[in-house]
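Colleague: Please take a close look at a single helix in this model and tell me how its residues are placed. A first-year student will read the answer, so keep it plain.

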Amino acid sequence: MDKRILGKYVPYDTVIHRLDPRLKIMAMIMLMVSIFLSYGSWTMMFTLSGINLVVIVALMFISKVRIRDLIWQLKSLYILIILLMIINIFLPPAHSVHIIGKIGNLNIYAESFLQTGKIIIRLMEMLAVAMILTSSTTPQQLTQGFSWFTRPLKKIKFPSEEIAMTISLALRFIPTLLEETERLYKAQSSRGVDFKHGSLMMKIKGITSLIVPLFVASFAMSDDLAFALEARGYNPRGTRTNYRELHWSTKDTICLILVTLFMTGFITLTAMKFDFIKLIFPLVW
């Protein structure tokens, strides 16, 4: 497959690939916080979202994650985007005042489209950050990173090893299931199943012919994985060692400081309800 799949590791030798997985997990959380912060005005929200997007695109360029792969991921969510648009039109955000049209007696507000645009930008940035993390970090490194963060919870009998392994397997099986879906799609299409044309019932039958074998294949892969873990003597409650140990370096500390300052700046602007657009263009406002 030529397309980059969310959850698939790509072995490049970049600066981001060489960073500690614990740093990358913390950086992802901090970037998610800055993405989902709520700002005082639409201009401030789109301005800071644009800054966020520029930073994330730069990280994508450094880690060699292609823009077209992100767009391909978003294309599969077009039904969700259309549904969000319809919901925001019929249920506009609070304090909507700018009417741009009507459908019968229903007012169409500009804020409905702004709200949809905000959700799309956040969704795109969230997917991009997740792609950067999963394409630059192996499942084993992610498991070690998550396990390190949850290690203090062992004192209260929290199953940290099981949670870390579950997250790692979930990330690992996302690309596998997508590849299996594409394989089944091509196989069913070659047998004459039309997924794009025909009535609604024919499309439902076509999707059913895709979903049922996908579930069967998923259960088969789960059984194979369980047998493989048992054959290797996997015991989540046992004392485990790692072939590759995590090493925190100076560059990890520098990157952590930069990401923390970035997130702190966004939180400060949100808490102060600062709008530098009004400061730059006072006569407009």
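Modeller:
**Helix α3**

The buried residues of α3 are Asp69, Leu70, Gln73 and Leu74. Buried means under 20% relative accessible area, exposed means over 50%, and partly exposed lies in between (1.4 Å probe, protein chains only). Accessible areas come from the Shrake-Rupley method with a 1.4 Å probe, and for residues only the protein chains shown count as cover. Helices (H or I, at least four residues) are DSSP runs, numbered from the N terminus. The four buried residues cover an arc of only 140° around the axis, so they sit on the same side of α3; the arc is that of the directions from the helix axis to the C-beta atoms. The face turned away from this buried side carries the exposed residues Arg68 and Lys75.

This is a predicted model, in which local features need pLDDT of at least 70, side-chain atom pairs count only at pLDDT 80 or more, and totals for chains, interfaces and linings use all residues. Residues are numbered from 1 along each chain as its sequence is written, and side-chain values use heavy atoms, with hydrogens and water left out.

What covers the buried residues of α3 includes α2, α4 and α5. Leu70 shows this in detail: leaving aside neighbours within four places in sequence, leucine 70 is in contact (heavy atoms within 4.5 Å) with Met60, Met124, Leu127, Ala128 and Met131.

Leu70 also belongs to the largest nonpolar core, which has 21 residues. A nonpolar core is a set of buried Ala, Val, Leu, Ile, Met, Phe, Trp, Tyr and Cys residues joined through side-chain atoms within 4.5 Å. Ile56, Met60, Leu70, Val129 and Ile132 touch the most other members. The elements giving two or more residues to this core are α1 (21–35), α2 (42–63), α3 (67–75), α5 (110–136) and α6 (139–150). The largest share, 7 residues, comes from α5.

Asp69 is another buried residue of α3, and its partner is charged. Aspartate 69 forms a salt bridge with arginine 66, the closest N and O atoms being 2.8 Å apart. A salt bridge is a side-chain nitrogen of Lys or Arg within 4 Å of a carboxyl oxygen of Asp or Glu. Side chains of opposite charge can pair when their charged atoms come close. Aspartate 69 has a relative accessible area of 2% and is therefore buried, whereas arginine 66, at 27%, counts as partly exposed. By this rule the count comes to 5 salt bridges.
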